[in-house]
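Biologist: Could you walk me through this model before I start on my notes?

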Amino acid sequence: MSAAVATSGIKVQQATGGMPRHHVAIFIALLAAGIVAPFMLYPVFVMKVMCFALFACAFNLLLGYTGLLSFGHAAYFGFASYICAYSAKSWGLTPELAILLGTAAATVLGLVIGALSIRRQGIYFAMVTLAFAQMVFFFCLQAPFTGGEDGIQAVPRGHLFGLISLRSDFTLYWVVLAITLGGLLAIYRIIHSPFGQVLKAIRENEPRAVSLGYRVNRYKLATFVLSAALAGLAGSTKAIVFQLASLTDVHWSMSGEVVLMTLIGGLGTVFGPILGATVIITMQNYLATFGAWVTIIQGIIFVVCVMLFREGVIGVISKWIKKPL
Amino acid sequence: MDDGVILAADNLTKEFRGFLAVEGVNLRVRRGQIHALIGPNGAGKTTCFNLLTKFLPPTRGKITYKGQDITALSPADIARLGLVRSFQISAVFPHLTALENVRIALQRQRGDSFDFWRSQKVLSDFDDRARALLADVGLSEFESTEASDLSYGRKRALEIATTLALDPEMLLLDEPMAGMGNEDVDRIAALIKRISANRTILMVEHNLSVVSSLSDTITVLARGKVLAEGDYATVSKDPRVVEAYIGAGHG
């Protein structure tokens, strides 16, 4: 009996707190891919992928690490893009300030909605967040500054720090790459912080975390706000990239899409949502010629994923190599 | 409040839609004792336990801990006062290593860990203390094993190590021996005896031999009410207790 010391399953390296070597390798690979991509692919497409990758990772922070299924994350993504677009267009804010303002708006919105819905659990939590997101959608449809059905169009990309013109897709690309990688590293740090450790405890066994004296609702709310803020960062950035804020980004189907991206990539994995977002956006772009069939193909892929890779693509790979990804 | 009482319940009552699960229970747990709560199935032991730790809100009654009225506090706040409970099914964090399990509890010393911007490297300060606690319950060689891979008895030992990491003044153990093999029972019983040295323990337990050898005081519950109280010798001779265990309704 005493000889059975060998650990099965995933060997956890978190005890040291440093980034494990294979995670460093993946971040470097992502950076390299980000540097090469605009030379091989259409930069606007890659920027779109990056915005959604950040959005999906922000969503995964909430669902994957606290087990809270928000079905209204489009509210933060879309509302932030409206605020960013409006402040850049009507107030002439520089892009970095417009993005920050959009992010701040999503943070406040996340705090309010989070505080009101965090006490509900499971399906009720999902329904409450969906209801609030529908209110935000209605607000964006009716409020005078959002342009109703038209949205806010022709948003100026402006000059970064008032100096560097972002008119060229290529220049803007590096800014978006920096924002995305910065956001991903921030999420990585959150997951691997003392705070993240408590989140894992709550996800694993909530009553036990309570019995150890952790006020779990406060941790859940903090995560909700962080997730909303990062979703807002993604939405704001998207508004600058496409020079557009529209109802699509606050629509409930956007909330569904981000769930899909996260599940396909791998719930509760660090890198899964990036892959999930890439797959979904690529399909939408390159299968666009099939028209309405895209939705059906997407549905089939989702069903196949659920049947073959219950833990998502990255989740399954993580099991194979016995290392957390 | 009489001397030496650390936890007191007065007229504690819990009603579930007209059904009285716990009815007017008065309980006095004295400092430094091992106090057992026993009774036949459905007697309301676990409900009573959940009321004391506020995992359930009482319908009526008052709970006092160290002279402070704690009836209105949240379960997390009660844990912060040093009154820490365990659960019937072993409560570990399955996908964290044994070391990390204990560290989650030690981390409480930092207060609230809302610092999401800091690396978890800061937690390695607790590693030595966590190892000492694991050694204390005989789990040294399993520190990097995920809790889900531990045997049942070891999970319970890990749970106790995690609880001890909070250095609680009072422990509430909900059926610490449930589902355990004989050798494990002896090990955990010895462990409970050892950790009770400067602590108060209230436990719900079915295993009567464990109860008789460990407890200073025994409270017998039946149908939500206190039936008898005293040491094992007194309680086991009480005809009402015998009747409740063998089965009422034959009289």
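Modeller: We can talk about the empty spaces inside, and then about one residue of a strand.
Modeller: This is a predicted model, in which local features need pLDDT of at least 70 and side-chain atom pairs count only at pLDDT 80 or more, while totals for chains, interfaces and linings use all residues. Residues are numbered from 1 along each chain as its sequence is written, chains are lettered from A and ligands numbered from 1 in the order in which they are written, and side-chain values use heavy atoms, without hydrogens and water.

Biologist: How many cavities of 30 Å³ or more are there?
Modeller: The search of the whole structure finds 3 of them (a cavity is a set of points, on a 1 Å grid over the protein atoms alone, where a 1.4 Å probe fits but cannot get out).

Biologist: And how much space lies in the largest cavity?
Modeller: About 50 Å³, taken as the space filled by probe spheres set on points joined across faces, edges and corners.

Biologist: Which residues line it?
Modeller: The lining (residues with an atom within 4 Å of a point) consists of Ser86(B), Arg156(B), Glu159(B), Ile160(B), Leu173(B), Pro176(B) and Ile188(B), and its largest share, 3 residues, comes from helix 5 (residues 152-164) of chain B.

Biologist: Changing topic, where does Ala8(B) sit?
Modeller: Ala8(B) belongs to strand 1 (residues 5-16) of chain B; helices (H or I, at least four residues) and strands (E, at least two) are DSSP runs numbered from the N terminus.

Biologist: Is Ala8(B) buried or exposed?
Modeller: Ala8(B) counts as buried because its relative accessible area is 0% (buried is under 20%, exposed over 50%, partly exposed in between, with a 1.4 Å probe and protein chains only).

Biologist: How far apart are Ala8(B) and Lys66(B)?
Modeller: They are 58 residues apart in sequence, and 8.5 Å apart in space from C-alpha to C-alpha.

Technical notes: On a 1 Å grid over the protein atoms alone, a cavity is a set of points where a 1.4 Å probe fits but cannot get out, and a pocket is an open set with protein on both sides within 12 Å along at least five of seven lines; lining residues have an atom within 4 Å of a point.
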